[in-house]
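Student: I have a structure open and would like to learn how to read it. Could you take me through it feature by feature?

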Amino acid sequence: MPDNAELIRRFKLGDESAGDELVVENMGLVYSIAGKMANKRYDIEDIVQIGALGLVKAVKKFDDSYGVQFSTYAVPMIIGEIKRFFRDDGALKVSRSLKEAALKGRKAEEKLCRILGRNPTMAELAAETGLDESLLIEAFDAVIMPESLQSTVGNDKESLRLEEVIARDDTEERIVDKVFIKEALGILTERERGIMIMRYFRGKTQSEIAKSIGVSQVQVSRIEKKAIDKIRHEMLDEK
């Protein structure tokens, strides 16, 4: 059975059937994400179908020069497609001020991309627009802008890029978990955020974290559980 890399190579050479096969082979990602985003308003199969549209877009837009696995690239696009559906169908409300901030940020991003020859950082966008970084992050997420591999989240000391925090040898399920955690880091306390970053993005065990911050492994476990509960409630509230 061809792997993702082989299917992508064939698809880029014009083999449409390889693209179809790539979608089929990666539908497990869609079901995993749909299960996490499911709610009483929609049937799970409806969410799966919407997520599949995001997967198709990922197939068409993926470039192996990004230096990441296809699944790493596809997860944010699948999540974005589902969240866009929720928003457009009225499940999520976006204020006019956030829409305007997102538009201003997008225009600044396009301008700086041309000037710098790369995607600007959130700090650079904030300086260009005169808006706070936190507001830009909220606005971009609210209107579901396509997730950039260089997009950042967090404060100056702990800002993260998607391409940095998702390891290439992660399982698909762990990639999904990381993206969801990345989206919710902002609601955590500084201590909770630090532990979640070490645990999920730097591969540290609870014992290693406990030793590095001077607490017991049991305390780390409790803090991690509390943080996960917060994230779970945040994701449910968004639905």
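Student: Where do I begin: how many residues does the protein chain have, and what percentage of them count as buried?

Tutor: Keep in mind that this is a predicted model. The protein chain has 239 residues, and 44% of them count as buried. Its accessible surface is about 13,000 Å², with carbon and sulfur atoms making up 50% of that.

Student: What secondary structure elements are in the protein chain?

Tutor: You will find 13 helices and two strands. As for how the chain comes together, take the contacts with a separation of 6 or more: 56% of them join residues 24 or more positions apart.

Student: How do I read one helix, say α1? Which of its residues are buried?

Tutor: Look for the buried residues, then ask where they sit around the axis. Helix α1 covers residues 4–12, and Leu7, Ile8 and Phe11 are buried in it. These residues lie on the same side of α1, because they cover an arc of only 100 degrees around the axis. Just after α1 comes glycine 14, with a positive phi of about 105 degrees.

Student: Which residues touch the most other members of the largest nonpolar core?

Tutor: That core has 31 residues, and the ones touching the most other members are Met27, Ile33, Leu55, Phe70, Ala74, Ile78 and Ile82. At least two core residues come from each of α1, α2 (16–25), α3 (27–37), α4 (44–61) and α5 (70–88). Helix α5 gives the largest share, nine residues.

Student: What is isoleucine 78 in contact with, leaving aside its neighbours within four places in sequence?

Tutor: Its partners are Leu29, Val30, Ile33, Gly51, Gly54 and Leu55. There is also a second, separate core of eleven residues, and Ala101, Leu112, Leu125 and Phe140 are among them.

Student: Now the aromatic rings. How many aromatic pairs does the structure hold?

Tutor: The general idea is that a pair of aromatic rings is described by the distance of the centres and the angle of the planes. This structure holds two such pairs. In one of them, phenylalanine 62 and phenylalanine 70 are 5.5 Å apart centre to centre, with 90 degrees between the planes, an edge-to-face arrangement. Ring pairs link Phe62, Phe70 and Tyr73 into a cluster.

Student: Are phenylalanine 62 and phenylalanine 70 buried or exposed?

Tutor: The cut-off for buried is under 20% relative accessible area. Phenylalanine 62 has 3% relative accessibility, so it counts as buried. Phenylalanine 70 is buried too, because its relative accessible area is 3%.

Student: Let me try a polar residue. Where is threonine 129 found, and what does it touch?

Tutor: Threonine 129 is in helix α7, residues 122–129. Its relative accessible area is 7%, so threonine 129 is buried. Not counting residues up to four places away in sequence, it touches Lys104, Gly105, Ala108 and Leu136. The C-alpha atoms of threonine 129 and lysine 107 are 9.2 Å apart, although 22 residues separate the two along the chain.

Student: And a loop residue: where does isoleucine 187 lie?

Tutor: Isoleucine 187 is in the loop between α10 (172–184) and α11 (190–201). With 33% relative accessibility, isoleucine 187 counts as partly exposed. Its C-alpha atom is 7.7 Å from that of lysine 230, and these two residues are 43 residues apart along the chain.

Student: Which residues does UniProt list for "domain: HTH cro/C1-type"?

Tutor: The UniProt record, an unreviewed entry, lists residues 202–225 under that name. Over this stretch the chain is 71% helix and 0% strand, and the end C-alpha atoms are 18 Å apart.

Student: In which helix does glutamate 224 lie, and is this residue buried or exposed?

Tutor: Glutamate 224 is part of helix α13, residues 217–238. A relative accessible area of 6% is why glutamate 224 counts as buried. Residues up to four places away in sequence aside, glutamate 224 touches Met196, Arg199, Tyr200 and Gln206.

Technical notes:
Residues numbered from 1 in each chain as written. Predicted model: local features only at pLDDT ≥ 70, side-chain atom pairs only at ≥ 80, totals over all residues. Heavy atoms only, no water. Helix = DSSP H or I, 4+ residues; strand = E, 2+ residues; numbered from the N terminus. Buried < 20%, exposed > 50% of the residue type's maximum accessible area, 1.4 Å probe, protein only. Contact = heavy atoms within 4.5 Å. Areas by Shrake-Rupley, 256 points an atom, 1.4 Å probe, with all protein chains shown as cover. Arc of directions from axis to C-beta. Phe/Tyr/Trp six-rings, centres within 6.5 Å; stacked < 30°, edge-to-face > 60°. UniProt positions renumbered as here; feature names shortened; annotations may be inferred. Core = buried A, V, L, I, M, F, W, Y, C linked by side-chain atoms within 4.5 Å.
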